Amino acid sequence: MIQCKTSKEISGMGHSMKRKEDVRFLHGKGHYIDDLKLPGMLYMDIARSPYAYAKIKNIDISEAMKVPGVVAVVTGKDLEKYNLHWMPTLMSDTQMVLPTDTVMYQAQEVAAVIATSRYAARDGREAVKVEYEVMKPVIDPFKAMHADAPVLRTDKPGKKDNHIWHWEVGDKAKTEKVFKDAEVVVKQDMYIPRIHVSSIETCGCVADYDKVNNHLTMYMTTQAPHAIRTVIALVAGHVGLSEEKIRVVSPDIGGGFGGKVPVYPGYVIAIAVSFLTGKPVKWIEDRSENLQADSFARDYHITAELAGTRAGKIQATRFKVLADHGYTDASANPSKFHTGLFSIATGSYDYDTAYMEADAVYTNKPPGGVAYRCSFRVTEAVHAIERITDRFAFEIGMDPARLRMKNFIKKEDFPWKSPTGWIYDSGDYHAGLKKAMEAIGYDALRKEQIEKRKKGELMGIGISTFTEIVGAGPSKDFDILGIKMFDSAEIRVHPTGKAIARFGTKSQGQGHETTYAQIIAEELGIPAANIQIEEGDTDTAPYGLGTYASRSTPTAGAAAAVAARKLRDKARKIAAYLLEVSEDDLVWETGKFYVKGAPEKSKTIQEIVFAAYTNHPQGMQAGFEATHYYDPPNLTFPSGAYICVVDIDKETGAIHVRRFVAIDDCGHIINPMIVQGQVHGGLTQGIAPAMYEELIYDEDGNILNGTLMDYLVPTAVESPKWETGHVVTPSPHHPIGAKGVGESPTVGSPPAIVNAIVDALSPYGIKHMDIPVTPFKVWKALKEKGVV
Amino acid sequence: MIPQSFQYESPGTMADAIALLEKHGDEAKILSGGHSLIPMMKLRFATPEYLIDINGIPGLSYIREEKGTVKIGALSREAEIEHSDLLKKHFPIFADVTKLIADPQVRNRGTIGGNLAHGDAANDHPAVMMALQATVIATGSGGSRSIPIDEFFFGFYTTALKQNEILTEIQIPVPPAGTGSAYHKLERKVGDYATAGVAVQLTVDGKGVCKAIGIGLTNVNPIPLRAVRSEQALLGKVINSENIALAAQFASEDCNPSADLRGSEEYKRAMVAVLVKRMVLKAAERAMGK
């Protein structure tokens with residue numbers, strides 16, 4: 001049970017306060033981008049390429065211009081006049097806004113149709129006639145690396161291959177030596193498939209340029225409004241847009257998961273058209289465009305190796321990655337490392353040697369990737385280590401739980417330096433796994449499994465004990481275009497003791513309006529219900545880098561606590577003045593200061609705030625406001641112990657997830673109900689790639705599942721009953737000891753599921769399955785082994 | 001996700017609806033539940049110029065028993081089929097099938113008539129109606145005619161309905177005592193089309209001999225398929241594992257599935273065999289009151 005320091009009325013940390021934002025959502029009063037209607041607004045639709053790789057010979061817009069309501073058709077040649085046909089990516093690569101001569105992937109933007117209604121824009125799009133000269137695309141990333149592969153990025157002078165970058169970390173020589181001398185080495189190729197966030201709201205914007213005042217208001221579905229404002233100023237500065245004349249507004253957002261971090265071509269075209277027409281331009285993607293063209297996630301081909309002793313001691317790991325980035329590296333990766341935080345792949349285990357290398361390659365696929373509920377490449381890393389650890393346990397015939405217990409970093413060894421250089425801040429991995437094993441009844445399940453196996457029934461138990469790395473991030477390791485990855489809070493308390501607080505982050509469903517209010521309530525004793533939270537408007541909110549990578553609580557949440565503490569310092573001064581005692585004689589108790597030894601002599605926070613406006617000490621500034629920009633000293637390292645039980649229908653290959661226990665350590669918990677909701681959602685987004693989701697392309701680069709009829713996003717029906725629990729080891733360097741939780745379940749659950757499936761199939765010599773593990777794949781594997 | 005523009009008509013009588021069909025010919029489509037047609041229009045796979053909405057025509061939604069026949073009005077919603085006590089009494093298969101048709105929102109709107117008239121072998125009711133040996137009633141300007149279900153499906157999205165006819169009723173003979181029915185489909189997730197689906201209705205006598213049987217297959221053939229050889233493998237015979245295995249084998253041989261993201265042709269044939277076996281057993285258990 002969580003101990004609360006505040007009453008339910010105040011609802012500080014630990015209270016399962018109902019989400020403040022839900023009142024408007026449940027009344028249908030949420031305000032999303034597509035709800036916005038401005039006078040004279042035009043609508044945009046985008047014609048897209050049916051081919052993965054083709055020369056554009058001609059674009060005929062004449063029929064489209066005849067469609068009633070169509071006012072313009074914009075092509076790459078039009079944007080070229082303003083040097084807006086290409087844009088930089090966050091990874092210093094380049095991406096087409098609209099092509100002038102070549103399309104590089106199926107569903108790439110080719111021409112934008114502007115019309116007076118959404119319907120006319122769609123009809124206009126149908127009437128745009130493009131003549132293509134189709135070329136043979138490069139789809140397989142391994143083939144793309146061949147010396148004789150056609151060079152895709154011919155726009156880059158001197159580019160002679162499809163290689164983007166090489167990255168490595170760790171001690172190569174030492175690792176090689178450990179592997180050479182090791183008793184047991186296991187090696188496994190695995191593919192972490194290309195997937196899509198598929199948030200319930202697609203991307204969109206309304207670009208509203210005011211010619212008279214030379215002012216742009218950009219309403220858009222972005223997780224990082226402030227960074228976007230700066231990007232627009234940097235990219236569009238040459239056409240006269242200056243940062244003080246740009247306002248970015250993120251309204252309510254229906255899920256982001258990383259997919260609303262990138263700047264997509266549609267946004268830029270909408271701005272350009274509004275700039276040229278002087279009218280507001282709305283662009284809302286449809287579902288298929290969102291799935292087919294927006295940034296993907298994952299797509300890592302990994303060779304994982306682990307060296308250890310026959311007695312079960314892990315000694316070293318080695319990982320080799322081939323990253324398929326599509327036609328440009330448009331990663332939404334804010335770290336200074338090409339592979340983001342993949343170097344967390346050493347996992348939760350105590351050994352001192354690892355080596356990792358990665359290469360990235362261009363192919364004729366959509367660009368990316370995004371950090372889908374993952375602070376960049378942590379999901380891939382966790383999958384690699386948790387899968388290869390299970391392979392190792394299987395190889396030496398040791399129970400995977402026992403193997404993990406034997407190799408965990410001990411709680412007394414924190415802070416712990418990983419072989420790749422991270423300083424893990426805190427954790428108690430033994431306690432987490434023990435709790436998960438007790439909750440699920442691990443020993444009884446193993447006994448049941450033995451009985452089932454005698455009868456030829458397929459039952460499996462899978463474990464994942466992962467370490468996450470979130471809260472980007474410390475300025476030494478993170479920046480976006482040079483801007484450090486701090487985040488901010490500004491608290492303003494009104495004379496009657498009610499407050500408004502603004503943040504540089506942006507909720508997409510995480511419940512910030514409640515969570516932040518509870519942090520401030522905890523620190524100041526003002527009821528959370530009386531604290532209004534605002535985000536998403538760059539004209540009013542303090543500068544921040546946005547919400548993704550589970551960073552809001554670690555950064556902006558910390559900023560809220562520190563800003564509130566600044567206010568408490570001021571409150572102490574005012575209370576001392578009002579009570580006519582020295583500051584040192586005052587004691588803080590939630591919501592009031594009282595005189596040491598005389599608790600009846602006290603001033604409530606509301607009285608103190610009122611005095612800040614009406615009766616403050618001479619020489620003190622009036623008002624009750626504070627701002628803080630928080631640059632985290634380290635990342636936070638949430639962890640989890642997940643156990644999954646599956647039953648498999650031998651005849652059909654159908655997989656039934658019977659149980660799933662998730663024990664998370666996200667440090668101190670602010671709102672248990674919100675955390676549980678985050679974990680449920682995250683786990684469901686974990687079974688998605690484990691059993692359902694993958695973007696599949698044929699050799700011509702056609703997407704084979706470009707609609708939700710075939711791209712299988714799991715629903716409540718597919719979701720098992722999640723059993724959740726916690727171990728709490730507070731982050732020692734975070735002001736309120738919180739670590740962040742949004743990503744953990746998505747990052748940690750896929751290997752638990754696939755480990756369970758492989759465990760079920762292991763009596764037949766099956767050692768690995770690539771995700772998503774579908775009934776067909778299971779049936780095929782069993783057939784190959786002669787079982788069905 | 002925006003359809004091509006079209007003219008919307010909402011006739012109040014069957015005669016008006018048929019007159020509109022005759023007037024607009026091939027350019028018109030009937031709208032009932034809309035859960036197949038509207039998505040196709042949004043993807044612009046279907047581009048009718050006239051949409052004739054029959055939801056405003058009274059008297060097309062009912063489930064009743066008359067003289068040994070159960071009659072289901074074409075506009076009956078899947079949810080009504082799912083919760084009908086009359087259907088539960090005679091045909092446990094309807095509880096099986098409706099629960100597997102998409103989700104509650106779709107079932108509240110989607111109709112049994114639309115499910116059949118769409119002529120899609122991936123829909124679930126065609127196989128069920130084959131197992132139940134139903135008759136479809138088509139209404140045109142000259143009155144109504146009966147079409148046995150075996151003669152209803154012609155090809156990909158094509159049925160025996162003429163351009164100026166509307167499917168108005170489904171008639172199913174009430175089976176004798178000792179009858180059971182069952183349906184199952186394998187699907188990748190809720191709302192998916194079947195990887196394979198099998199519908200079975202059979203009647204057994206006191207000795208366990210199969211006196212009547214219908215087996216329909218979902219989404220493993222270009223048009224809805226009745227597994228005739230499988231039926232013959234069991235008709236007049238004792239329902240035992242040997243005969244069931246033969247029926248399963250015949251069905252897997254006689255269907256003609258195509259490989260897709262759900263699985264290979266081989267996998268689908270294997271699944272047809274597994275499902276025929278399981279559904280025959282389940283229907284037999286129900287027939288024998290187990």
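In the predicted model, helix H10 of chain A (residues 378-396) meets helix H18 of the same chain through A:Val378, A:Thr379, A:Val382, A:His383, A:Glu386, A:Arg387 and A:Asp390, which face A:Thr746, A:Val747, A:Gly748, A:Pro750, A:Pro751, A:Val754, A:Asn755 and A:Val758 of H18(A). By class, the residues of this contact comprise 7 nonpolar, 5 polar and 3 charged. The axes of H10(A) and H18(A) lie 8 Å apart and the two helices pack at an angle of about 30°; because angles under 35 degrees count as roughly parallel, H10(A) and H18(A) are described as roughly parallel to each other. Their crossing is right-handed.

Helix H18(A), which spans residues 744-761, also packs against helix H17(A), residues 672-692, with axes that come within 7 Å and cross at roughly 45°. That angle makes H17(A) oblique to H18(A), and the crossing of this pair is right-handed. On the side of H17(A) the contact is formed by A:Val679, A:Gly682, A:Leu683, A:Gln685, A:Gly686, A:Ile687, A:Pro689, A:Ala690 and A:Met691, and on the side of H18(A) by A:Ser744, A:Pro745, A:Thr746, A:Ser749, A:Pro750, A:Ile753 and A:Val754. The residues of the contact of H17(A) with H18(A) divide into 10 nonpolar and 6 polar, with no charged residue. Among the residues of H18(A), A:Thr746, A:Pro750 and A:Val754 appear in the contact with H17(A) and also in that with H10(A). An α-helix has 3.6 residues a turn, so residues three or four places apart point the same way.

A further helix pair in chain A is formed by H14(A), residues 512-524, and H15(A), whose axes come within 9 Å and cross at roughly 35°, in a right-handed crossing. Here A:His512, A:Thr515, A:Tyr516, A:Ile519, A:Ile520, A:Glu523 and A:Leu524 of H14(A) are in contact with the H15(A) residues A:Ser552, A:Thr553, A:Gly557, A:Ala560, A:Ala561, A:Ala564, A:Arg565, A:Leu567 and A:Arg568. This contact contains 8 nonpolar, 5 polar and 3 charged residues.

One participant in this contact, A:Ile520, is also listed, together with A:Met44 and A:Val113, among the residues with the most contacts inside the largest nonpolar core, which has 326 residues. The largest share of this core, 13 residues, is supplied by helix H11 of chain B (residues 265-287). When neighbours within four places in sequence are set aside, A:Ile520 is in contact with A:Ile491, A:Ala499, A:Ala501, A:Ile526, A:Ile531, A:Ala560 and A:Ala564. A:Arg565, which lies in H15(A), residues 552-579, is 45 residues from A:Ile520 in sequence and 9.0 Å from it in space, C-alpha to C-alpha. A:Arg565 counts as partly exposed because 14 C-beta neighbours lie inside 10 Å.

Elsewhere in chain A, the buried residues of helix H7(A), residues 225-235, are A:Pro225, A:His226, A:Ala227, A:Ile228, A:Arg229, A:Val231 and A:Ile232. These buried residues pack against four strands of chain A, namely E12 (215-220), E13 (246-249), E22 (479-480) and E23 (483-484).

Between the chains, the contact takes 21 residues from chain A and 12 residues from chain B. On the side of chain A that touches chain B, the elements giving two or more residues are helix H4 (118-127) and helix H19 (775-784), and the largest share, 3 residues, comes from H4(A). By class, this side of chain A has 10 nonpolar, 4 polar and 7 charged residues.

Methods. Residues are numbered from 1 along each chain as its sequence is written. Chains are lettered from A and ligands numbered from 1 in the order in which they are written. This is a predicted model: local features need pLDDT of at least 70, side-chain atom pairs count only at pLDDT 80 or more; totals for chains, interfaces and linings use all residues. Axes are lines fitted to C-alpha atoms, for helices over the stretch in contact, and angles run from 0 to 180 degrees between N-to-C directions. Angles under 35 degrees count as roughly parallel, over 145 as roughly antiparallel, 65 to 115 as roughly perpendicular and the rest as oblique. A crossing is left-handed if the near helix is turned anticlockwise from the far one by less than a right angle, and right-handed if clockwise. Two residues are in contact if their C-beta atoms, placed from the backbone, lie within 7 Å. Ala, Val, Leu, Ile, Met, Phe, Trp, Tyr, Cys and Pro count as nonpolar, Asp, Glu, Lys and Arg as charged, and the others, Gly among them, as polar. A residue is buried if 20 or more other C-beta atoms lie within 10 Å of its own, exposed if 12 or fewer, and partly exposed in between; C-beta atoms are placed from the backbone. A nonpolar core is a set of buried Ala, Val, Leu, Ile, Met, Phe, Trp, Tyr and Cys residues joined through C-beta atoms within 7 Å.
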